[in-house]
Amino acid sequence: MRIDILTVVPELLESPFNHSIIKRGKEKGLVEIHVHNIRDFSTDKHKRTDDYAFSGGAGMVMTIQPIEAAIEHLKAQRTYDEIIYTSPDGEQFSQGTANQLSLKKNIMILCGHYKGVDQRVREHFITREISIGDYVLTGGELAAAVMTDSIVRLIPGVISDETSALTDSFQDNLLSPPVYTRPADYKGWKVPDVLLCGDEKRIESWKEKQAYERTKQLRPDLLEKHD
Ligand code: ADE
């Protein structure tokens, strides 16, 4: 899988993909993540990528020229399954969205900034607009990083324990059961006995019950979607 991210602040995306699981996925050749600076495509003599809104009002708008040039440059090299625009107006990102996108071959993500992007970019290039939640970030870079992280870890082989990604919280609309590690008794705070009994079946049914109870208590809304 290949993910191309277009941004005016590439520095914000330098670190998130260079550690741990995502880094390993790249090293194993399972994913390529390329960050492009939109400014490099600007024909403006000052390399500007934003301008005042025709409607007036506060805030600058990202101009269409460098974005079109960047998108066309990439599209000339391969076909993209989705060209995503990160925006608080978009459909809400979820585990389901991550699952869907993890099956794609080439994805482009355009990070919004300032007051937004010239509407013509959205109309002519964007196939999907995605928000990571009902709050406003200063730019779409952190949203792109969140989405990329959750997509990449689902690509088969990226996480060494194959079952691990499938047992995540939300994967079946249930939260994960609590987990413990050694020591079994820390200052009198004990790990539940069942986890030490060695009976796989009992442990599995304890985990299922815990997952259900935790979801009922913390996120009852998810149970409506659980089958
Ligand atoms: N850009 C600004 N806020 C955002 C959000 N909540 N999700 C995605 N992109 C954004």
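Trainee: Which residues does UniProt list for "binding site"?

Mentor: The unreviewed UniProt entry lists Gly 112, Ile 132, Gly 133, Asp 134, Tyr 135, Val 136 and Leu 137. Keep in mind that the model we are looking at is predicted.

Trainee: Let's start with Asp 134. Why is Asp 134 called exposed?

Mentor: Exposed means over 50% relative accessible area. Asp 134 has 73% relative accessibility, so Asp 134 counts as exposed. You will find Asp 134 in the loop between β7 (128–131) and α5 (141–152).

Trainee: And what makes Tyr 135 partly exposed?

Mentor: Partly exposed covers the range between the buried limit, under 20%, and the exposed limit, over 50%. With 44% relative accessibility, Tyr 135 therefore counts as partly exposed. Tyr 135 also lies in the loop between β7 and α5.

Trainee: How do you know that the side chain of Tyr 135 has a polar contact with Ile 132?

Mentor: A polar contact needs a pair of N or O atoms within 3.5 Å. Here the backbone oxygen of Ile 132 is 3.1 Å from a polar atom of the Tyr 135 side chain, so the pair meets that limit.

Trainee: Which residues form a nonpolar patch with Tyr 135 on the surface?

Mentor: Leu 12, Leu 137 and Leu 142 join Tyr 135 in that patch, and together the four have about 360 Å² of accessible area.

Trainee: Why does Leu 142 count as partly exposed?

Mentor: The reasoning is like that for Tyr 135: at 49% relative accessibility, Leu 142 falls between 20% and 50%, so Leu 142 counts as partly exposed. Leu 142 is in helix α5.

Trainee: Now to the ligand. Which residues surround the ligand?

Mentor: Among them are Thr 86, Ser 87, Pro 88, Ile 132, Tyr 135, Leu 137 and Ala 143.

Trainee: How do you know that the ligand has polar contacts with backbone atoms of Ile 132, Tyr 135 and Leu 137?

Mentor: Set each distance against the 3.5 Å limit. A ligand nitrogen is 3.0 Å from a polar backbone atom of Ile 132. For Tyr 135, a polar backbone atom is 2.8 Å from a ligand nitrogen. For Leu 137, a backbone N or O atom is 3.0 Å from a nitrogen of the ligand. Each pair is within 3.5 Å, so each is a polar contact.

Trainee: How much of the ligand's area does the protein bury?

Mentor: Taken alone, the ligand exposes 260 Å², and the protein buries 96% of that.

Trainee: Which element gives the largest share of the shell around the ligand?

Mentor: That is β5, with 3 residues. Both β5 (82–92) and β7 give two or more residues to the shell.

Note on methods:
Residues are numbered from 1 along each chain as its sequence is written. This is a predicted model: local features need pLDDT of at least 70, side-chain atom pairs count only at pLDDT 80 or more; totals for chains, interfaces and linings use all residues. Side-chain values use heavy atoms; hydrogens and water are left out. UniProt positions are given in the numbering used here, feature names are shortened, and annotations may be inferred rather than shown by experiment. Helices (H or I, at least four residues) and strands (E, at least two) are DSSP runs, numbered from the N terminus. Buried means under 20% relative accessible area, exposed over 50%, partly exposed in between (1.4 Å probe, protein chains only). A polar contact is a pair of N or O atoms within 3.5 Å; within protein, one must be able to donate a hydrogen and the other to accept it, and residues adjacent in sequence count only if both atoms are side-chain atoms. Patches are made of residues with over 30% relative accessible area and no salt bridge: like charges are joined within 9 Å, nonpolar side chains (Val, Leu, Ile, Met, Phe, Trp, Tyr) within 5 Å. Accessible areas come from the Shrake-Rupley method with a 1.4 Å probe; for residues, only the protein chains shown count as cover. A salt bridge is a side-chain nitrogen of Lys or Arg within 4 Å of a carboxyl oxygen of Asp or Glu. A residue is near a molecule or strand if one of its heavy atoms lies within 4 Å of it.
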